[in-house]
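Please open the model in your viewer and keep the sequence panel beside it. The tour moves from one selection to the next, and each stop says what to look for there.

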Amino acid sequence: MTDTRTSTNPTTPADLASVIDTHLAAYCEPDTARRRDLVAAVWSPEGAVYDPPFDGAGHEGIAEMTDTLLTHFPGHTFRRTSDVDAHHAFARYTWSLDGPDGATAVQGTDIVEVDAAGRLVRIVGFFGEVAPITC
C-alpha cells in the first residue's frame, strides 16, 4: 500500500503503526496495571474511542472499555490486518479480534486521529465490511 502521508504528519509510518499496535494490545490486556500503562503510553489524556457497542474517554475510560470486552471475549486478541493508510493527522487500518483457537470473532476498520506529538486523540471503529450498493 502506498504511503500517502504528507509532511504535516506528526509521526513516521512505522511510529504510527507502533502506536496503533500498542493500542490494540492494550484493548485485550487482562492485567489492569499493564493495560493502563499501555493506554497512557499512546493516548492523549483527552482521547476518546467510539465503537458501535460502547465508547470511552480519557485514559481511565478507554482502559475500562477492556473490562467489558474481556467479559464478552475472554482470551481474545486484536491484530492489525492491514497497513496503516494515513495522511495529515488521520489514518485508517483494518483489524480482527481473534479467539484463543485463532478463529476470527469480529473484524472491522478504525479511523484514527493523532495529535502533534503522535498520540491518539480519537478512534472511530466500524465492525464488518462495508456493504456493497445493491441496485
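Which residue caps the N-terminal end of H2? Select aspartate 31 in this predicted model: aspartate 31 is the cap, with a side-chain oxygen that lies 3.3 Å from the backbone nitrogen of alanine 33.

**The whole chain**

Zoom out before going further, and colour by secondary structure, which should show 3 helices and 7 strands, arranged along the sequence in the pattern α-α-β-β-α-β-β-β-β-β. The C-alpha atoms fill a box of roughly 45 × 40 × 25 Å when the box is taken along the principal axes. The radius of gyration is 15 Å, which agrees with the value near 14 Å that a compact globule of 135 residues would have. If you switch on a surface, about 7,400 Å² of the protein is exposed, and carbon and sulfur atoms supply 56% of that area. Buried residues account for 40% of the 135 residues, and, among contacts between residues at least 6 apart in sequence, 46% join residues that are at least 24 apart.

**Helix H2 and its two faces**

Now select residues 32-42, which form helix H2, and highlight Arg35, Leu38, Val39 and Val42, the buried residues of this helix. Looking down the axis of H2, you will find that these buried residues fall within an arc of 100 degrees, so they line one face of the helix. What do the buried residues of H2 pack against? Display helix H1 (13-27), strand S1 (43-50), helix H3 (58-72) and strand S7 (120-127), since these four elements are their packing partners. Then turn to the face of H2 that points away from the buried side, where the exposed residues Ala33, Asp37 and Ala41 are carried.

**Arginine 35**

Stay on H2 and select arginine 35 alone: is this residue buried or exposed? Arginine 35 is buried, because its relative accessible area of 1% is under the 20% cut-off used for that term. A polar atom of its side chain lies 3.0 Å from the backbone oxygen of alanine 63. Leaving aside residues up to four places away in sequence, arginine 35 touches Ala26, Glu29, Pro30, Ala63, Thr66, Asp67 and Leu70, so a selection of these residues around arginine 35 displays that contact set.

**Strands S5, S6 and S7**

Next, select residues 90-98 and 104-114, which are strands S5 and S6; they run antiparallel and are joined by 9 bridges. Within this pair, tyrosine 93 stands opposite aspartate 110 in S6. The two strands form a hairpin with 5 residues between them, and glycine 102 in the turn has a positive phi of about 90 degrees.

Follow the chain onward to S7, which pairs with S6 in the antiparallel sense over 7 bridges. Here valine 112 has isoleucine 123 in S7 as its bridge partner. S6 and S7 likewise make a hairpin with 5 residues between them, in whose turn glycine 118 has a positive phi of about 85 degrees.

**The last stop**

Finally, select valine 130 in the segment after S7. Valine 130 is exposed, with a relative accessible area of 79%. A distance drawn between the C-alpha atoms of valine 130 and alanine 48, which are 82 residues apart along the chain, should read 23 Å.

Technical notes
Residues numbered from 1 in each chain as written. Predicted model: local features only at pLDDT ≥ 70, side-chain atom pairs only at ≥ 80, totals over all residues. Heavy atoms only, no water. Buried < 20%, exposed > 50% of the residue type's maximum accessible area, 1.4 Å probe, protein only. Polar contact = N/O pair within 3.5 Å; in protein donor to acceptor, adjacent residues only side chain to side chain. Contact = heavy atoms within 4.5 Å. Arc of directions from axis to C-beta. Rg over C-alpha atoms; globule rule 2.2 N^0.38 Å. Areas by Shrake-Rupley, 256 points an atom, 1.4 Å probe, with all protein chains shown as cover. Pairing = 2+ DSSP bridges.
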